[in-house]
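Please find below a short note on the structure, set out as numbered points for a reader who is new to it.

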Amino acid sequence: MSDFAHPLFRWELAGDSVVIVTMDYPGRSANTMDDRFRHEFTALIDHLAEVREQISGVIITSAKETFCAGGDLRELMAATPADGPAFTAALRTFDEATRRLETLG
């Protein structure tokens, strides 16, 4: 298994088969959870699930001063009532990805 590079997440295989994932949203002072973040996080979890038999653990860290600032305020402020169903679906998908990480084994 090789290291995994993704625009928002760096992946290193450390000792004892532990994967260290570093969040680093390019061009931002903080990691924020916008649509791009949620999509790439889900792809990261998909990859971890594919290799779960080869790893013994996952550590998620941040290259920023803070771990994660939370939801992207620009995205949230731009949302309209019409965006509600799609936004809710996107959040459910993200929630499912975090649950998959939690129960990876």
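1. In which helix is the place of Arg38? Arg38 belongs to helix α1, where helices are DSSP runs of H or I with at least four residues, strands are runs of E with at least two, and both are numbered from the N terminus.

2. The model is a predicted one: local features need pLDDT of at least 70, side-chain atom pairs count only at pLDDT 80 or more, and totals for chains, interfaces and linings use all residues. Residues are numbered from 1 along each chain as its sequence is written, and side-chain values use heavy atoms, with hydrogens and water left out.

3. Arg38 counts as buried because its relative accessibility is 6%; buried means under 20% relative accessible area, exposed over 50%, and partly exposed in between (1.4 Å probe, protein chains only). Beyond its neighbours within four places in sequence, Arg38 is in contact (heavy atoms within 4.5 Å) with Met33, Glu75, Phe87, Ala90, Leu91 and Phe94.

4. The largest nonpolar core (buried Ala, Val, Leu, Ile, Met, Phe, Trp, Tyr and Cys residues joined through side-chain atoms within 4.5 Å) has 18 residues, and Phe9, Phe37, Phe41, Leu44 and Leu48 have the most contacts inside it. Two or more residues each come from β2 (9-13), β3 (18-23), α1 (35-50) and α3 (84-102). Helix α1 gives the most to this core, with six residues.

5. Phe37 touches Leu8, Phe9, Met23, Tyr25, Thr32 and Phe94, when residues up to four places away in sequence are not counted.

6. Leu73 lies in helix α2 (residues 73-78). Leu73 is exposed because its relative accessible area is 59%.
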